[in-house]
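Please work through the exercises below with the structure at hand. Each task is followed by a solution in steps.

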Amino acid sequence: RGVLPSGAAQGRLWQNIVCVGRNYAEHAKEMGSALPAEPLFFLKPSSAYVREGSPIVRPYYCRNLHHEVELGVVIGRRAQAVPQDAAMEHVAGYALCLDMTARDTQEECKKKGLPWTLAKGFGSSCPVSDFVPKEKIPDPHKLQIWLKVNGKMRQEGDTSSMIFSIPYLISYISHIFTLEEGDLILTGSPKGVGSVEANDEIEAGIRDVLSMRFKVLRPKYTF
Ligand SMILES: O=C([O-])CC(=O)C(=O)O
Ligand SMILES: [Mg+2]
């Protein structure tokens with residue numbers, strides 16, 4: 001229906017954060033990864049959200065914090081084992097998201113065959129923009145998403161280049177677990193991911209729709 005998710009309306013933001021990896025061929029290539037035959041998923045805790053005005057904090061164990069700009073899809077209605085052709089009825093709208101990644105930690109996890117939680121799920125790893133109701137986005141596969149660091153363009157991608165489409169992803173995920181109102185799906189990063197340092201300013205946007213800014217802080221604690 002395009003209604004604002006109730007949690008978001010109360011400033012509580014989203015629920016589950018489901019991330020898709022390697023959904024753009026050129027990003028898979030820059031990471032040295034093979035193209036996925038099936039979608040790759042991981043989760044972030046809902047406490048990973050940050051909104052504009054709050055900083056992105058590099059986790060203490062990370063020496064190489066990377067930005068990834070991604071289109072977020074906000075679920076508006078419970079989706080359990082939905083077919084692709086009905087999947088978009090479960091979408092309330094969109095948000096721009098950053099999948100902040102401890103890249104050095106992720107490399108270690110990959111080498112050891114360990115899960116990516118430390119690399120992807122730390123507090124403030126999911127900056128999100130304002131909610132955009134779906135009525136404002138006639139075709140989510142025709143959006144240009146971009147990201148600048150300190151005013152310099154780093155990422156420019158077109159959502160038409162996604163390997164797996166939004167209805168395919170919703171249907172696929174909904175056959176694994178139930179998606180609920182307020183859940184957010186990060187649809188993967190285009191190429192151009194790279195490092196950010198303390199005090200850098202990240203600005204990102206969906207062309208002609210919105211933009212957002214976040215500052216990067218050094219870790220509060222070191223062990
Ligand atoms: O860490 C990665 O490269 C996987 C990922 O999140 C993406 O492709 O957006
Ligand atoms: Mg990502």
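The exercises that follow concern a predicted model and move from the whole chain to single residues and a ligand.

**Exercise 1. The chain as a whole**

Task: Determine how many helices and strands the chain has, and why it counts as compact as a globular protein of its length.

Solution. Step 1: The secondary structure comprises 5 helices and 16 strands. Step 2: The radius of gyration is 16 Å, close to the 17 Å that the globule rule gives for 223 residues, and the chain is therefore as compact as a globular protein of that length. Step 3: The C-alpha trace spans about 45 × 35 × 30 Å along its principal axes. Step 4: Of the 223 residues, 40% are buried. Step 5: Among contacts between residues at least 6 apart in sequence, 76% join residues at least 24 apart.

**Exercise 2. The open sheet**

Task: State the order of the 6 strands in the open sheet, and explain why β2 and β10 each have one side without a neighbour.

Solution. Step 1: The order is β2-β1-β13-β6-β7-β10, with mixed pairing. Step 2: β2 (40-44) and β10 (132-133) stand at the edges and each has a single partner strand, so one side of each lacks a neighbour in the sheet. Step 3: β2 pairs with β1 (residues 17-21) in the antiparallel sense over 5 bridges. Step 4: One of the bridge partnerships joins G21 to L40 in β2.

**Exercise 3. A hairpin and a further partner**

Task: Identify how β11 pairs with β12 and with β15.

Solution. Step 1: β11 (residues 144-149) and β12 (residues 152-158) are antiparallel and share 6 bridges; K148 stands opposite M153 in β12. Step 2: The two strands form a hairpin with 2 residues between them, and N150 in the turn has a positive phi of about 50°. Step 3: β11 also pairs with β15 (residues 201-206), again in the antiparallel sense, over 5 bridges. Here W146 stands opposite G205 in β15.

**Exercise 4. Helix α5 and the nonpolar core**

Task: Explain why α5 is described as largely enclosed by the rest of the structure, and find which residues have the most contacts inside the largest nonpolar core.

Solution. Step 1: Because 7 of the 9 residues of α5 are buried, the helix is largely enclosed by the rest of the structure. Step 2: The buried residues are I166, P167, L169, I170, S171, I173 and S174; they pack against β1, β6 (69-75) and β13. Step 3: The largest nonpolar core has 48 residues, and those with the most contacts inside it are V74, A95, C126, I170 and I185. Step 4: Strand β7 (residues 91-98) supplies the largest share of this core, 7 residues. Step 5: Beyond its neighbours within four places in sequence, I185 is in contact with V18, V20, G72, V73, L169 and I173.

**Exercise 5. Residue T178**

Task: Decide whether T178 is buried, partly exposed or exposed.

Solution. Step 1: T178 is found in the loop between α5 (166-174) and β13 (184-186). Step 2: T178 has 15 other C-beta atoms within 10 Å. Burial requires 20 or more, and exposure 12 or fewer, so T178 is partly exposed. Step 3: Apart from neighbours within four places in sequence, T178 is in contact with R78, A79 and Q80.

**Exercise 6. The shell around ligand 1**

Task: List the residues around ligand 1 and state how they divide by character.

Solution. Step 1: The residues are C19, G21, R22, H27, M31, E68, D99, T101, Q106, G188 and S189. Step 2: The shell divides into 2 nonpolar, 6 polar and 3 charged residues.

Note on methods:
Residues numbered from 1 in each chain as written. Chains lettered and ligands numbered in written order. Predicted model: local features only at pLDDT ≥ 70, side-chain atom pairs only at ≥ 80, totals over all residues. Near = placed C-beta within 6 Å. Nonpolar A, V, L, I, M, F, W, Y, C, P; charged D, E, K, R; others polar. Pairing = 2+ DSSP bridges. Helix = DSSP H or I, 4+ residues; strand = E, 2+ residues; numbered from the N terminus. Contact = placed C-beta atoms within 7 Å. Core = buried A, V, L, I, M, F, W, Y, C linked by C-beta atoms within 7 Å. Rg over C-alpha atoms; globule rule 2.2 N^0.38 Å.
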